[in-house]
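Here are some notes to read alongside the model. Please keep the structure open while you go through the points.

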Amino acid sequence: MSIFRKYKEHLADVLYIWRQEMLQVFRDEGVLMFLIIVPLGYPLLYSWIYNNESVHEVPVVVVDQSHTKLSRQFIRDCDSSPDVHVLFYAQDLDEAKSLVSRQLVKGIYLIPSDFASRIIRGEQGTISVYCDMSLMLAYKAVYQTAMVEATRLGAGLNVKRSGNYTKREDAITAQPLLVDDVAEFNPSGGYGSCVLPAVLMLILQQTLALGIGMSAGTARERNRNGQLIPDDDPHYRGAYRIVSGKALCYGMIAIVTSAYLALAIPRMFSFPHLAHQWDLILMMAPYILACIFFGMTVSCMVRYRENVMLIMVFVSVPLLFLTGVSWPQSSIPGAWQGVSWLFPSTFGVRAFVRVNSMGATIDQVLPEIRILWIQAAAYMGLACLVYRHQFRLAKKYAKK
């Protein structure tokens, strides 16, 4: 009977702490914003910005020093493509560069004066392409359009010179090696489908850490002697009870926001979503727990509620690079890869991208899931140690 009563009291304390923490979340505007409003609104903003996936009708300027039929054909072909729009014609390269510097155009096509004559003599003609590298999507459109149209123009010239008798021979001459270009896992070849799934998982970790840290900062500001837990509440006794009650509160909120981020947003904006329902659940469960206990561990360093914003916002961009999505994982130095192992987002992002965007099964992401469970257990233990220390401080100051 004593054991049953002990577990009943333990459960009552956990539920009491859960209730108090839930009330604190909805009473504190800052915590409410980071735990609920930001995860709901921020993905919409990012997804709307990148919803077009790729850029079209990028303005360019042409410097045609050849003034021949071939040069005009190349210009017309580029202008008729969906990605490039010839907006200006310049007399020389200096005039074209001034248009780029004023951000009126994003690229320059320079056709030299000997362009057509070299081709007629059977030599190799050249077309110079200058791109504004400040925007990679615009650079891609300008450069690839020039490559495609130059290749097509060259293929047509080869056909005319070949002396073939059938259309089949012309087709083989124009394209002797047939290439079937398939954009696997990213059919549109867009930036949003590539990066947004990783950003969604990073938002989940960062908002949980911000909300938990801000709540801890508020508790420290309100309680005596800068403690994380009150020293006059009999329910706040035992580190495991405190951590369990708080984690139950944040977990209930995280389940809703993670379902919105992992299921609703990809379907609303037609991003790749190939994950099987149960595979996604088995992957998200350890990631949510790891993020919650990571946030509770980080909250021990938060003396004032504003401090957590400085910490987590500062590391957001480096964490995105360390996931290996926007920058190749093989190119990340070993020391920084070791640092990345401290954050749940590193393995959560990799597992989510492979499951959701690439259609991987749960067996294929087991290494990431195992590490997420290890992180969840490790950060839970660290959180218990932190709150045990706070519990001892509360008892110490309660006796004074």
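Which residue stands opposite Val63 in strand 3? It is Leu110. The points below start from that sheet and then move to the helices. The model is a predicted one.

1. The sheet as a whole. Four strands make up an open sheet, and their order across it is 2-1-3-4. The pairing is mixed. Strand 2 (84-89) and strand 4 (128-131) are the edge strands, each pairing on one side only. From one strand to the next, the twist averages 30 degrees.

2. The parallel pairs. Strand 1 (residues 58-64) pairs with strand 2 in the parallel sense, over five bridges. Within strand 2, His85 is the residue that stands opposite Pro59. Strand 1 also runs parallel to strand 3, and five bridges join these two strands. The Val63 and Leu110 positions in the opening question belong here, with Leu110 in strand 3.

3. The antiparallel pair. Strand 3 and strand 4 pair in the antiparallel sense, with four bridges between them. Tyr109 has Val129 in strand 4 as its bridge partner.

4. Burial of strand 3. Are the residues of strand 3 buried or exposed? Five of the five are buried, so the strand is largely enclosed by the rest of the structure. Gly107, Tyr109 and Ile111 point one way from strand 3, while Ile108 and Leu110 point the other way. Residues on both sides are buried.

5. A helix on the sheet. Helix 3 (residues 69-80) packs on the sheet and touches strand 1, strand 2 and strand 3 (107-111). The direction of helix 3 makes about 130 degrees with that of strand 2.

6. Two loop residues to check. Glu57 has a phi near 55 degrees, which is a positive value in a residue other than glycine. Glu57 is placed in the loop between helix 2 and strand 1, and it is partly exposed, with a relative accessible area of 42%. His67 likewise has a phi near 55 degrees, again positive in a residue other than glycine. The loop that holds His67 lies between strand 1 and helix 3. His67 counts as exposed, at 59% relative accessibility.

7. The largest nonpolar core. This core has 74 residues. Those that touch the most other members are Leu35, Met201, Met283, Met284, Ile292, Met296 and Met312. Several helices each supply at least two residues of the core, among them helix 1 (2-27), helix 2 (29-49), helix 9 (239-268) and helix 11 (307-322). Helix 8 gives the largest share, 14 residues. As background, nonpolar side chains in soluble globular proteins tend to be buried together.

8. Contacts of two residues in the helical part. Leaving out residues up to four places away in sequence, Met201 touches Ala262, Met284, Tyr287, Gly348, Val349 and Phe352. Ser258 is in helix 9 and counts as buried, at 6% relative accessibility. With the same sequence neighbours left out, Ser258 touches Leu204, Leu263, Met284 and Ile288.

9. Aromatic pairs. How many aromatic pairs does the structure hold? There are seven. In one of them, Phe294 and Phe343 meet edge-to-face, at 5.7 Å centre to centre and with 65 degrees between the planes. Phe294 is in helix 10 (residues 277-298) and Phe343 is in the loop between helix 12 (334-340) and helix 13 (344-357), so this pair ties together parts that are 49 residues apart in sequence. Phe294 and Phe343 are both buried.

10. A further partner for Phe294. Phe294 also pairs edge-to-face with Tyr379, at 5.3 Å centre to centre and 80 degrees between the planes. Tyr379 is in helix 14 (residues 366-398), and this pair links parts of the chain 85 residues apart. Phe294 counts as buried at 5% relative accessibility, and Tyr379 is buried with a relative accessible area of 11%.

11. Other ring contacts. Trp48, Phe269 and Phe271 are linked into a cluster by ring pairs. The charged end of Arg350 sits over the ring of Phe347, 5.6 Å from the ring centre.

Terms used
Residues numbered from 1 in each chain as written. Predicted model: local features only at pLDDT ≥ 70, side-chain atom pairs only at ≥ 80, totals over all residues. Heavy atoms only, no water. Phe/Tyr/Trp six-rings, centres within 6.5 Å; stacked < 30°, edge-to-face > 60°. Buried < 20%, exposed > 50% of the residue type's maximum accessible area, 1.4 Å probe, protein only. Lys NZ or Arg CZ within 6 Å of the ring centre and 35° of its normal. Core = buried A, V, L, I, M, F, W, Y, C linked by side-chain atoms within 4.5 Å. Contact = heavy atoms within 4.5 Å. Pairing = 2+ DSSP bridges. Axes fitted to C-alpha atoms, helices over the stretch in contact; angles between N-to-C directions.
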